[in-house]
Amino acid sequence: MYRPGPEVTVDERLVPFRGRCPFRQYMPSKPARYGIKIWVACDARSSYAWKMQVYTGKPDKRGPPEKHLAARVVLDLTEGLPPGRNVTCDNFFTSRELADRLFRERGHTVLGTLRANRPEIPRELRCVKGRAVGSVESVVLGGSEPRGEGGGGGGGGRGPDTIILSYVAKKNKNVLLLTTAPRYHRRSSPEPRPSRRRSGNGKSNGNGDGKPPLVLHYNRTKGGVDNLDKVVSTYSCRRKTCRWPVALFHNMVDVAAYNAFVLWREIHPDWMAGKLNRRRLFLERLGKALARPMIEARALARGGGGGGGGGGGRVAARGTTAATTTTTTATATTEADGADATPRDSSPVKRRRCRVCPRSKDVKTKILCRECRAHVCINCAVQYCPNCAASRNAASQTPPTS
């Protein structure tokens, strides 16, 4: 349905849920904090959710934690993606081992931040003591040879050249990035820091001056999944529930509706051009289009389905007049066992309180008066035999004599 662009973002999402769930997660950095974690691969430009995977915890609850979880998640999410994409991820996923496997097995490059305890980081890049703010240092690591059993599946051969960059964003603040994108290979030497323009109060104007291109590229492509979270929460069908499958289903509907909007926008780029509320209008029309078949089916059942239609039974029972009913009884007709508790010309009606009994008794019944359609219990109803009911009906229709 949709082929992502050259930039793909891999990150996690948290579906808010506080009920009972065997794999509920606690993430204090997220707004909801408690919920169901979902790994997502989406297009960095449009935030189209290309593939999602629910994290259900360890395979063996009593066993050790899963090894190489981050690499396994990225390889699962990029399976089936056309080669030649650049995958942007955060420091939870990024490693040199992942970059080699993703290049060999999928044909993709990696761009992401690194944790300081990764073994592939040279000692020279770890130390920031004495370095000026804004200084940049980088190292190129040659491609590694495939291992005997770990390289499996891909085309084999030598791995890609890996660039590790160290950028001092603030005092004693070291930002480490790793990439295998070939366009940054020629920038292996440290780059001079460009002049930073400042405003009148001495602060930076915030337009990205002084940052290396690799950092700017990461900032531009890292927010695909975060933007998906934002747009899904803006218009959501989520309702309060204590069942985690329902919470996941609501999230699936929200993401599917946004993906439908992205597809519609790609096919019809001139649709409502210039309007800022295009997505809201699209969701309104989408909801009406999805509900129209059910509305038409109910209208058909009410109009031409007769008494046996399941769609409009309640409306038919309320709207039936005395002229269309069988005039067997004059006031109310019932049987001793209460089996014929519903009118004979419509579907079963809802139980309601008796109109004759006091409100304090709260007597519910399904018996309806044949003329006024009021609910009457069996104790308040007046019973007639068919002959007396017919004679009483004939007497009521005889015009008075002068």
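In this predicted model, the side chain of Thr 365 reaches the backbone oxygen of Val 376 at 3.4 Å. This briefing begins with the surroundings of Thr 365, then turns to the nonpolar cores and to a nonpolar patch on the surface.

**Thr 365 and its surroundings**

- Thr 365 belongs to strand 11, which spans residues 364-365.
- Thr 365 counts as buried because its relative accessibility is 5%, and buried means under 20%.
- Besides the backbone oxygen of Val 376, the side chain of Thr 365 reaches the backbone nitrogen of Ile 367, at 3.1 Å.
- Leaving aside residues up to four places away in sequence, Thr 365 touches Lys 350, Arg 351, Arg 352, Cys 354, His 375, Val 376 and Cys 377.

**The largest nonpolar core**

- The largest nonpolar core holds 27 residues, and the members that touch the most others are Val 10, Trp 39, Val 74 and Phe 93.
- Two or more residues of this core come from each of strand 1 (7-16), strand 3 (34-43), helix 1 (69-77), strand 5 (86-89), helix 2 (96-105) and strand 9 (173-179).
- Helix 1 gives the largest share of this core, seven residues.
- In soluble globular proteins, nonpolar side chains tend to be buried together.

**Two members of that core: Val 10 and Phe 93**

- Val 10 is placed in strand 1.
- With a relative accessible area of 1%, Val 10 is buried.
- When residues up to four places away in sequence are not counted, Val 10 touches Val 40, Ala 41, Val 74, Leu 77, Val 87, Thr 88, Cys 89, Phe 93 and Val 225.
- Val 10 and Ala 44 are 34 residues apart along the chain, and their C-alpha atoms are separated by 9.1 Å.
- Phe 93, with the same exclusion of residues up to four places away in sequence, touches Val 10, Asp 11, Glu 12, Trp 39, Ala 70, Val 73, Val 74 and Leu 98.

**Another core**

- Apart from the core described above lies another, of 26 residues, including Tyr 2, Val 231, Val 232 and Leu 248.

**A nonpolar patch on the surface**

- Phe 249, Met 252 and Val 253 make a nonpolar surface patch of about 300 Å².
- Phe 249 lies in helix 6, which covers residues 244-267.
- Phe 249 counts as partly exposed because its relative accessibility is 49%, and a residue is exposed only over 50%.

Note on methods:
Residues numbered from 1 in each chain as written. Predicted model: local features only at pLDDT ≥ 70, side-chain atom pairs only at ≥ 80, totals over all residues. Heavy atoms only, no water. Patch = residues over 30% accessible without salt bridge, like charges linked within 9 Å, V, L, I, M, F, W, Y side chains within 5 Å. Areas by Shrake-Rupley, 256 points an atom, 1.4 Å probe, with all protein chains shown as cover. Salt bridge = Lys/Arg side-chain N within 4 Å of Asp/Glu carboxyl O. Helix = DSSP H or I, 4+ residues; strand = E, 2+ residues; numbered from the N terminus. Buried < 20%, exposed > 50% of the residue type's maximum accessible area, 1.4 Å probe, protein only. Core = buried A, V, L, I, M, F, W, Y, C linked by side-chain atoms within 4.5 Å. Contact = heavy atoms within 4.5 Å. Polar contact = N/O pair within 3.5 Å; in protein donor to acceptor, adjacent residues only side chain to side chain.
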